[in-house]
Amino acid sequence: MFDVGLLELAVIALVAVVVLGPDKLPDLARQAAQLLHRARGLATNARDELRNELGPEYSDLQLRDLDPRSIVRKHITEAMAEVDREQAEAAKKSVLPEGHVPPYDVEAT
């Protein structure tokens, strides 16, 4: 989540034991777990309320779908795919049938 590895967690735990003491550490860990549990519950409730307010057509809505970066990325990807399709269609149309000679303008050369 925060790109913290096992070694970093061990160092943080060691510093916590030294600074806080082994007698206070279990209580602080329990309080931190309760805080995370409450925060997760609030996020779940907010998501459920948002889904209920938007109606059944948005029942599969994920909160990450509302991230502006993902919205912009989605629209850019769709636009680039459309441009690629248009270019492919134009390339197919611009190809001369076999046996035909391309037009030649003497004055243009």
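**Burial and overall form**

I began with burial, and of the 109 residues of the chain I find that 4% count as buried. I note at once that this is a predicted model, and I read every value below as computed from that model. For the accessible surface of the chain I get about 10200 Å², of which 62% belongs to carbon and sulfur atoms.

I then looked up the radius of gyration, which is 30 Å for the chain, whereas a compact globule of 109 residues would have one near 13 Å. Taken along the principal axes, the box that the C-alpha atoms fill is roughly 95 × 40 × 25 Å.

For the secondary structure I count three helices and zero strands, and reading along the sequence I write the pattern down as α-α-α.

**Charges**

I looked next at how the charges are placed: the chain has 13 positive and 19 negative charges, and their mean positions lie 10 Å apart. How many salt bridges does the count come to? I find three salt bridges, and I went through them in sequence order.

In the entry for aspartate 27 and arginine 30, I record a salt bridge whose closest N and O atoms are 2.8 Å apart. Both residues lie in helix α2, three residues apart, which is about one turn of the helix. Aspartate 27 is partly exposed, with a relative accessible area of 40%, and arginine 30 is likewise partly exposed, at 47%.

Arginine 47 forms a salt bridge with aspartate 48, and here I read 3.7 Å between the closest N and O atoms. I list arginine 47 as partly exposed, with a relative accessible area of 26%, and aspartate 48 also as partly exposed, with 31%.

The side chains of aspartate 67 and arginine 69 meet in a further salt bridge, for which I note 3.3 Å from N to O. Aspartate 67 is partly exposed, with a relative accessible area of 25%, while arginine 69 is exposed, with 59%.

**Arginine 51**

I gave a separate entry to arginine 51, whose place is in helix α2, a helix that I note as residues 25–54. Is arginine 51 buried or exposed, and which side chain of opposite charge is nearest? I find arginine 51 buried yet without a salt bridge, the nearest side chain of opposite charge being that of aspartate 48, 4.5 Å away. Since a salt bridge requires a side-chain nitrogen of Lys or Arg within 4 Å of a carboxyl oxygen of Asp or Glu, the 4.5 Å to aspartate 48 does not qualify, and therefore I leave this pair out. Aspartate 48 does, however, form a salt bridge with arginine 47.

I also looked up what arginine 51 touches, and, not counting residues up to four places away in sequence, I list Tyr58, Ser59, Leu61 and Gln62.

**Two separations from helix α2**

Last, I checked two pairs for their separation in sequence and in space. Alanine 46 lies in helix α2 and, at 44% relative accessibility, counts as partly exposed. How far apart in space are alanine 46 and glutamate 57, C-alpha to C-alpha? I read 18 Å for this pair, with the two residues eleven apart in sequence.

For the second pair I returned to aspartate 27, which lies in helix α2 and which I had already noted as a salt-bridge partner of arginine 30. Aspartate 27 and arginine 64 are 37 residues apart in sequence, and their C-alpha atoms are 34 Å apart in space.

Terms used. Residues are numbered from 1 along each chain as its sequence is written. This is a predicted model: local features need pLDDT of at least 70, side-chain atom pairs count only at pLDDT 80 or more; totals for chains, interfaces and linings use all residues. Side-chain values use heavy atoms; hydrogens and water are left out. Helices (H or I, at least four residues) and strands (E, at least two) are DSSP runs, numbered from the N terminus. Buried means under 20% relative accessible area, exposed over 50%, partly exposed in between (1.4 Å probe, protein chains only). Lys and Arg count as positive and Asp and Glu as negative; His and the chain ends are not counted. Contact means heavy atoms within 4.5 Å. The radius of gyration is taken over C-alpha atoms; the globule rule is 2.2 Å times the number of residues to the power 0.38. Accessible areas come from the Shrake-Rupley method with a 1.4 Å probe; for residues, only the protein chains shown count as cover. The place of a charge is taken as NZ of Lys, CZ of Arg, CG of Asp or CD of Glu.
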